[in-house]
Amino acid sequence: KTKEQGKNSYQFYTPIMSSEAALLLKLENAIHKGLERREFSVYYQPQIKWSSGEVTAMEALLRWEVPEIGLIPPSKLFAKASKTDLILQITQWILQTACEQNLAWQEAGLPPVPIAVNLSAREFQNPYLVETVARILQKTRLDPHWLELELTEKILRQNLRAAPGIFQDFHNLGIRLALDDFGIGFSSIGYLKQFRFRTLKIHQSFIRDLRGTSQEAALISALVTLGRGFNLRVVAEGVETPSQLELLKTLECEEVQGYLLSRPLRASEATPFLTQRAAQLNR
Ligand code: C2E
Ligand code: MG
Ligand code: MG
Ligand code: MG
């Protein structure tokens, strides 16, 4: 290959690739700086048993506030960051922050609840994922029992070889597993049999269109029965209105999460929320 050809192919092929690569490099730098400058924060959204008002879990959700740009939605960040290994660094930070927060709540005497952390498909290509999670649990000394990892069917679909073994490793470590966004993927029912999940989260699209006679109602009712059969806790995601909650009650879906109950809260808001709930339960 001559220098001349190299130059030509460079001119011919790279403008698109290099702009993509340049963007990713920029993103990498921004994430590094963001971590240093404390632009990242973890918000916490409660999952609640409506019959008692008891908090059954707190879900950690990433927020990234870039000065002069504003809030970058996690879906956008993870879609882009998924193309690099940086995602594991972010996850490491989220896990550590969330585990430490959970311990702080326990040490403050609040009723212990599991902390739920989301994982993305790309992370399952990293051979150090399990080790990373295990190391954070050791370092923070959080009992693995109090960590729940929220996994999607997409993770399994995109990591057919690696994911089953990793799910098993997590389970063996004593970590709880939740199947997130249930109902929108393919063939996820089989996964309930294959893996030992503790929690089934019904995707918010079913709740959004929920009316008394809707097909969504029939579907949720079926999913609740399914979850019961597998001894899982079933959580409806994205509950926004009182009428949705009323319907979920009649459908015997015992646990709910959504703006109606609480928006995702910064740590400084989540602690008083938990304190108040605990006080109400003791009354
Ligand atoms: P998810 O795990 O299914 O999280 C639920 C999403 O629904 C969150 O959006 C939450 O803020 C939002 N939500 C909660 N209640 C309501 C409601 O009543 N109505 C509506 N319309 N939305 C509600 P968010 O925080 O933007 O996160 C979006 C997705 O990004 C998450 O979906 C999760 O898949 C991913 N994600 C968020 N944080 C992390 C993270 O720390 N790590 C990874 N790997 N993924 C994350
Ligand atoms: Mg989730
Ligand atoms: Mg979800
Ligand atoms: Mg999700």
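## Pockets and cavities in a predicted model

The lining of the largest pocket is a mix of 14 nonpolar, 15 polar and 13 charged residues. Do keep in mind as you read on that this is a predicted model.

Let's stay with that pocket for a moment. The largest pocket has a volume of about 1,200 Å³, and 42 residues line it. Nearest its centre you will find L61, S75, N118, D180 and D181. Many elements take part in this lining: the strands β2 (54–66), β4 (115–118), β5 (147–152) and β6 (176–182), together with the helices α2 (74–81), α3, α5 (153–158) and α8 (204–208), each supply at least two residues.

The second largest pocket holds about 350 Å³ of space. It is lined by 16 residues, and L27, A30, W64, I69 and I72 are the ones nearest its centre. Two or more residues of this lining come from each of α1, β2 and α2. Helix α1 is the main contributor, giving 6 residues. By class, the lining of the second largest pocket counts 9 nonpolar, 1 polar and 6 charged residues.

Now for the enclosed spaces. How many cavities of 30 Å³ or more does the structure hold? There are 2.

The largest cavity offers about 40 Å³ of space. Its walls are formed by N102, W105, Q106, L110, P111, P112, V113 and L274. Helix α3 (residues 86–107) gives the largest share of this lining, with 3 residues.

The second largest cavity has a volume of about 30 Å³, and E20, L23, L24, K80 and K83 line it. Here the largest share, again 3 residues, belongs to helix α1 (residues 3–36).

Which classes of residue line each space? The table puts them side by side.

| Space | Volume | Lining by class |
|---|---|---|
| Largest pocket | about 1,200 Å³ | 14 nonpolar, 15 polar, 13 charged residues |
| Second largest pocket | about 350 Å³ | 9 nonpolar, 1 polar, 6 charged residues |
| Largest cavity | about 40 Å³ | 6 nonpolar, 2 polar, no charged residues |
| Second largest cavity | about 30 Å³ | 2 nonpolar, no polar, 3 charged residues |

Some helices turn up in two places. Helix α1 lends residues to the second largest pocket and to the second largest cavity. Helix α3 likewise appears in the lining of the largest pocket and in that of the largest cavity.

Note on methods: Residues numbered from 1 in each chain as written. Chains lettered and ligands numbered in written order. Predicted model: local features only at pLDDT ≥ 70, side-chain atom pairs only at ≥ 80, totals over all residues. Heavy atoms only, no water. 1 Å grid on protein atoms, 1.4 Å probe; cavity = no way out; pocket = protein on both sides within 12 Å on 5 of 7 lines; lining within 4 Å. Points joined across faces, edges and corners; volume = space filled by probe spheres on them. Helix = DSSP H or I, 4+ residues; strand = E, 2+ residues; numbered from the N terminus. Nonpolar A, V, L, I, M, F, W, Y, C, P; charged D, E, K, R; others polar.
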